[in-house]
Amino acid sequence: MTEVFTAFPTAIFNENARIPMFSGDNYTEWKEKVLLTLGCSDLDLALRVDEPSIPMESSTPAAKANYERWKRSNRLSLMLIKAHISQSIRGSITNSDKVKAYMKAIDEQFVSYNKALASTLMKRLSSMTFDRSRTVREHIMEMRDIAAKLKSLEMDMSESFLVHFILNSLPMEYGPFKISYNIHKDK
């Protein structure tokens with residue numbers, strides 16, 4: 001049992017290698033992986049708790065230890081987060097020496113970006129038509145990929161809604177297929 005427990009933190013710490021580099025269009029996935037890694041590594045204290053007051057000479061050992069733990073969490077969290085943000089984006093984020101404020105700056109900048117991206121993806125999905133430049137399967141897979149991206153941006157759509165988008169994107173020669181689908185769907 002002791003062997004498993006001592007190996008566990010190393011395995012979780014290696015999870016940070018799976019954090020994607022934040023490039024601007026992968027905000028949701030990046031944030032989820034960063035928070036998971038920090039939480040599993042027990043480094044998310046500075047994100048969850050406000051900074052404690054700086055201990056004085058007369059402070060209790062527990063208060064001093066609490067502050068040191070928060071300070072370590074803040075420093076390591078900032079290091080991990082900044083290491084997984086591309087240089088081109090890092091300059092556009094208001095710098096802070098507090099991880100909570102830094103994450104808030106990232107949130108404010110990229111939540112609005114995600115809304116614009118979701119709008120663009122929705123417009124693209126709704127206006128797609130099969131143009132015979134590839135197979136029907138590839139066309140459908142592209143539409144499913146766009147739907148998956150929308151889902152990652154918290155714009156979930158039902159499977160039947162997606163099927164109707166796909167069916168409407170097909171040319172008239174697929175009319176019998178559309179009719180067959182609609183008849184069997186009701187049964």
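## Close-ups of a predicted model

**View 1. Where H7 meets H8 in this predicted model.** His139, Ile140, Met143, Arg144 and Ala147 come from H7, and they meet Glu159, Leu162, Phe165, Ile166 and Ser169 from H8. Sort the residues of this contact by type and you get six nonpolar, two polar and two charged. Helix H7 covers residues 136-152 and helix H8 covers residues 159-169; their axes come within 11 Å and cross at roughly 140°. That crossing makes H7 oblique to H8, since only angles over 145 degrees would count as roughly antiparallel. As for handedness, H7 and H8 cross in a right-handed way.

**View 2. Phe130 and Tyr174, a ring pair between two loops.** Searching the whole structure turns up four aromatic pairs, and here we look at the one made by Phe130 and Tyr174. Their ring centres sit 6.2 Å apart with the planes at 90°, so this pair is edge-to-face. Which parts of the chain does the pair link? Phe130 belongs to the loop between helix H6 (99-127) and H7, while Tyr174 belongs to the loop between H8 and helix H9 (175-186). The two residues are 44 residues apart, so to speak distant parts of the chain brought together as a pair. Phe130 is buried, at a relative accessible area of 10%. Tyr174, with 22%, is partly exposed, as the buried class stops at under 20%.

**View 3. Val136 and its contacts.** Val136 is part of helix H7. Which residues does Val136 touch once its neighbours within four places in sequence are left aside? They are Phe130, Leu170 and Tyr174, so both members of the ring pair in View 2 turn up again here. Val136 can also be placed relative to Ile166: the two are 30 residues apart along the chain, and their C-alpha atoms are separated by 10.0 Å. Ile166 itself is one of the H8 residues in the contact with H7.

**View 4. Phe161 and Phe165 within H8.** This ring pair stays inside one helix: both residues lie in H8, four residues apart, or about one turn of the helix. The ring centres are 4.9 Å apart and the planes stand at 85°, so Phe161 and Phe165 make an edge-to-face pair. Are these two rings buried or partly exposed? Phe165 is buried, with a relative accessible area of 16%, whereas Phe161 counts as partly exposed at 40%. Phe165 is also among the H8 residues that meet H7.

**View 5. An aromatic cluster of Phe22, Tyr27 and Trp30.** Ring pairs tie these three residues, Phe22, Tyr27 and Trp30, into a cluster.

**View 6. Asp42 and Arg132, two loop residues with positive phi.** Neither residue is a glycine, yet each has a positive phi: near 55° for Asp42 and near 65° for Arg132. Where do they sit? Asp42 is in the loop between helix H2 (27-40) and helix H3 (45-48). Arg132 is in the loop between H6 and H7, where Phe130 from View 2 is found too. Asp42 counts as partly exposed at 45% relative accessibility, and so does Arg132 at 47%.

Methods: Residues numbered from 1 in each chain as written. Predicted model: local features only at pLDDT ≥ 70, side-chain atom pairs only at ≥ 80, totals over all residues. Heavy atoms only, no water. Axes fitted to C-alpha atoms, helices over the stretch in contact; angles between N-to-C directions. Parallel < 35°, antiparallel > 145°, perpendicular 65-115°, else oblique. Left-handed = near helix turned anticlockwise from the far one by under 90°. Contact = heavy atoms within 4.5 Å. Nonpolar A, V, L, I, M, F, W, Y, C, P; charged D, E, K, R; others polar. Phe/Tyr/Trp six-rings, centres within 6.5 Å; stacked < 30°, edge-to-face > 60°. Buried < 20%, exposed > 50% of the residue type's maximum accessible area, 1.4 Å probe, protein only.
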